[in-house]
Amino acid sequence: MKTETSPVLRTVARMAVPLTVVVSVIIFFQGHNMPGGGFIAGVLVAAAGAMYLLAFGADKAKRISWWKFSVFGLLIALTTGTVPMFLGRPFMQHSIWNFHLPVIGNFHLPTATFFDLGVYLIVFGTLMTIFVELAQERGKK
């Protein structure tokens, strides 16, 4: 069901949605050195999704099974927590991988980043599922 939305909202959304996604990615990656991380970044990217739904409708979004993002995120988070156990370390013990990248130089990647990725996907998938279902309910009236 196509609903008419404000041209101002559509114009603002065209700029704000990509900007919000970029800020979400920045907050995700700064999460191990400063406040931030997977949860708030997932909320931000879902807010971008909600803005898109309000501006352009839920027709395209309802074709995607958003809950699958949540399931995949849960699998990533659980795997990140259990792999150390199989290596003889405590559950959820993380380490830091250090390596050299040609252009960037020395780079360190905490394995907790993968746990945060799981949280990011869980939050994003769950909120988008809720938003799309609410949009469909609104369309039924």
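The following paragraphs describe helix geometry, burial, aromatic pairing and nonpolar packing in a predicted model.

Helix H1 comprises 24 residues, from 7 to 30, and spans 35 Å between its first and last C-alpha atoms, a value close to the 34 Å expected at 1.5 Å a residue. Within H1 there is nevertheless a kink of about 35°, which is centred on Ala 13. The N-terminal end of H1 is capped by Ser 6, a side-chain oxygen of which lies 3.1 Å from the backbone nitrogen of Val 8. Ala 13 itself is buried, as are Ala 16, Val 17, Thr 20, Ser 24, Ile 27 and Phe 28 of the H1 helix. An α-helix has 3.6 residues a turn, so residues three or four places apart point the same way.

Two of these buried H1 residues, Val 17 and Thr 20, are touched by Ala 48, which also touches Val 21, when residues up to four places away in sequence are not counted. Ala 48 is found in helix H2, residues 38–56, and its relative accessible area is 2%, so that it counts as buried under the 20% limit. The separation of Ala 48 from Pro 110 is 62 residues in sequence and 27 Å in space, taken from C-alpha to C-alpha.

Eight aromatic pairs are counted in the model. Among them, Trp 66 and Phe 124 form an edge-to-face pair, with 5.4 Å from centre to centre and 85° between the planes. Trp 66 lies in the loop between H2 and helix H3 (67–86), whereas Phe 124 belongs to helix H4, so the pair ties together parts that are 58 residues apart in sequence. Both partners are buried, because the relative accessible area is 11% for Trp 66 and 13% for Phe 124, and buried means under 20%. Ring pairs also link Phe 28, Phe 29 and Tyr 120 into a cluster, and of these residues Phe 28 is among the buried residues of H1.

The largest nonpolar core contains 15 residues, of which Leu 53, Trp 66, Tyr 120 and Phe 124 touch the most other members. At least two residues of this core are supplied by each of H1, H2 and H4, and the largest share, five residues, comes from H4. Trp 66 and Phe 124 thus appear both in this group and in the edge-to-face pair described above, while Tyr 120 appears in the ring cluster as well. Apart from neighbours within four places in sequence, Leu 53 is in contact with Ala 58, Ala 61, Met 128, Phe 131 and Val 132. In soluble globular proteins, nonpolar side chains tend to be buried together.

Two loop residues provide a contrast in accessibility. Thr 111, found in the loop between strand E2 (105–110) and helix H4 (112–140), is buried because its relative accessible area is 10%, which falls under the 20% limit. With residues up to four places away in sequence left out, Thr 111 touches Thr 80, His 94, Ser 95 and Trp 97. Val 103 lies in the loop between strand E1 (96–101) and E2, and it is exposed because its relative accessible area reaches 83%, where exposed means over 50%. Val 103 and Ala 50 are 53 residues apart in sequence, and their C-alpha atoms are 36 Å apart in space.

Key:
Residues numbered from 1 in each chain as written. Predicted model: local features only at pLDDT ≥ 70, side-chain atom pairs only at ≥ 80, totals over all residues. Heavy atoms only, no water. Buried < 20%, exposed > 50% of the residue type's maximum accessible area, 1.4 Å probe, protein only. Contact = heavy atoms within 4.5 Å. Expected span 1.5 Å × (residues − 1). Bend = angle between axes of the 7 residues up to and from the residue. Polar contact = N/O pair within 3.5 Å; in protein donor to acceptor, adjacent residues only side chain to side chain. Phe/Tyr/Trp six-rings, centres within 6.5 Å; stacked < 30°, edge-to-face > 60°. Core = buried A, V, L, I, M, F, W, Y, C linked by side-chain atoms within 4.5 Å.
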